[in-house]
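User: Hello! I am new to this structure and would like a close look at one part of it, with some of the surroundings filled in.

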Amino acid sequence: FLELDFSSCNLTDKGVNDLTSHGLRNLTQLSSLNLNFSRCNHITNEGVKDLASHGLKYLTQLTFLELDFSSCNITDKGVNDLTSHGLKNLTRLSSLRLDFWGCRQITDEGVNMLVSQGLKYLARLNSLRLNFEGCVLWDATMEMFGSKKTGNCLKITQLELNLANCSGLKNIGFNTLFNSFTRSLSKLVELKLNFTKTRVNDQNIDKLMYLINKRLVDLKVLKLDVTGCKNVTGIGFLSFMNEDSNPGPELKSISFIFDSCIDFADKGLFAVTKLAKRYQRTMESFSLSLTKCPNISDKGLEILSNELLEVTRILKEIVLDLGLCSKITDRGLEVISSGIGRLESLEKLRIGLCACNKISDKGVRKLGEEIRRLKGLVDLNLDFLYVNNVSKMMLNNLVEMFKDIQKCDINFI
């Protein structure tokens with residue numbers, strides 16, 4: 001195993017060449033390699049080519065590879081060289097992570113080359129993580145996992161794809177992506193998608209959930225991040241629930257991040273709750289982040305408590321972030337607390353209430369009383385930062401109340 005972190009160093013192409021020709025190429029029995037070149041903006045295509053042709057090419061025993069080129073000065077040619085001179089030779093790889101965050105000169109051409117001339121040859125690949133945040137991608141790229149590109153050779157079970165801030169992607173592009181990967185990667189067990197600040201909308205989410213339910217029957221872990229997506233209200237989940245009766249996968253972990261989705265309201269929360277309830281017999285972890293969703297109210301939290309928390313008995317972990325949800329009052333906190341208190345199997349709990357200034361000691365007291373009922377709790381995190389109407393005495397009482405929990409963080413000022 002070799003891990004080298006050059007992040008933010010003044011490293012140039014010559015440094016990469018020296019590292020490669022005098023070091024890496026001799027480590028022919030290396031099985032795991034992690035190289036971090038993030039924010040080394042003097043590294044260009046030349047350095048990437050040297051890394052691939054004089055280094056990676058010889059490391060044919062690698063099973064695990066992570067390369068971070070975030071904010072490096074590389075283009076499609078660099079991706080092409082990395083692929084044709086390096087990746088395609090690493091046929092033993094089972095895990096691959098490539099990070100091109102902020103490489104705005106990487107376009108559709110580079111992505112297509114990576115898949116069709118690189119990933120296509122990695123028949124043993126099990127885990128794939130790709131970060132194209134901020135790259136200049138268009139709808140045509142989203143056929144990346146189609147059979148014409150992959151040759152139906154990929155046997156991936158874990159996929160993490162970050163397309164945050166790829167503003168060129170539109171409705172048709174997202175639907176193409178969902179259709180291609182759910183068809184060609186049908187054995188997925190874990191799926192994590194980040195579409196922060198993109199044009200993804202409710203109809204796209206509806207399509208995604210329909211295809212997951214129809215094709216990804218082995219899926220156990222699902223994470224979807226649509227932070228700051230103005231066209232997401234959550235109702236796409238409801239449409240899917242009304243139309244699809246297929247039992248689908250038996251999800252164990254569900255995570256949705258709707259932070260700063262300003263039109264996400266109680267109706268969206270109802271739809272998400274109905275979706276999660278579908279997996280109540282198998283779901284062990286549920287995470288929902290609604291930070292800066294100003295239209296979430298006590299009514300939405302009552303739905304969440306009644307429809308999900310009070311009927312899901314096997315949950316071991318809950319994350320609920322309601323920071324800056326300005327409509328939430330003691331009533332909402334009390335009903336959600338009642339639901340949490342009935343989860344006898346709960347081991348981990350995180351609740352974020354940052355700047356929720358309509359809650360007071362009354363709601364926090366109820367929360368504390370219900371958490372005390374959770375005898376198996378080993379990890380507790382409560383965030384009361386900038387909550388102005390809860391007394392320091394009440395918060396200090398919580399600290400004292402839960403001091404015996406193995407891991408306990410109660411944050412306040």
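Is Cys-408 buried, exposed or partly exposed? Please start there, and then show me the pockets and the chain as a whole.

Analyst: Happy to help. Please keep in mind that this is a predicted model.

Cys-408 is partly exposed, as its relative accessible area is 26%. That value lies between the limits, since buried means under 20% and exposed means over 50%. As for bonding, the structure holds zero disulfides. Cys-408 is therefore unpaired: its nearest cysteine sulfur belongs to Cys-354, 18 Å away, and a disulfide needs two sulfur atoms within 2.5 Å.

Cys-72 is also in no disulfide, and the nearest cysteine sulfur, from Cys-40, sits 5.7 Å away. Cys-72 has a relative accessibility of 4%, so this residue counts as buried.

Now for the pockets. The second largest pocket holds about 180 Å³ of space. Its lining draws on Ile-371, Arg-372, Leu-374, Lys-375 and Leu-377, together with Met-401, Phe-402, Asp-404 and Ile-405. Sorted by class, that lining has six nonpolar and three charged residues, with no polar ones.

The largest pocket contains about 220 Å³. Fifteen residues line it, and those nearest its centre are Glu-160, Leu-161, Asn-162, Lys-192 and Asn-194. Several strands contribute to this lining with at least two residues each: strand 4 (95-99), strand 5 (127-131), strand 6 (158-162), strand 7 (190-194) and strand 8 (221-225). By class, the lining of the largest pocket has seven charged, five nonpolar and three polar residues.

Stepping back to the whole chain, you will find 13 helices and 14 strands. The C-alpha trace spans about 65 × 45 × 35 Å along its principal axes. The radius of gyration is 23 Å, which agrees with the value near 22 Å that a compact globule of 413 residues would have. Of those 413 residues, 56% count as buried; Cys-72 is one of the buried residues, whereas Cys-408 is partly exposed.

Finally, consider how the chain meets itself. Among contacts with a separation of 6 or more, 87% come from residues 24 or more positions apart.

Definitions and conventions: Residues are numbered from 1 along each chain as its sequence is written. This is a predicted model: local features need pLDDT of at least 70, side-chain atom pairs count only at pLDDT 80 or more; totals for chains, interfaces and linings use all residues. Side-chain values use heavy atoms; hydrogens and water are left out. Buried means under 20% relative accessible area, exposed over 50%, partly exposed in between (1.4 Å probe, protein chains only). On a 1 Å grid over the protein atoms alone, a cavity is a set of points where a 1.4 Å probe fits but cannot get out, and a pocket is an open set with protein on both sides within 12 Å along at least five of seven lines; lining residues have an atom within 4 Å of a point. Grid points are joined across faces, edges and corners, and a volume is the space filled by probe spheres set on the points. Helices (H or I, at least four residues) and strands (E, at least two) are DSSP runs, numbered from the N terminus. Ala, Val, Leu, Ile, Met, Phe, Trp, Tyr, Cys and Pro count as nonpolar, Asp, Glu, Lys and Arg as charged, and the others, Gly among them, as polar. The radius of gyration is taken over C-alpha atoms; the globule rule is 2.2 Å times the number of residues to the power 0.38. Contact means heavy atoms within 4.5 Å.
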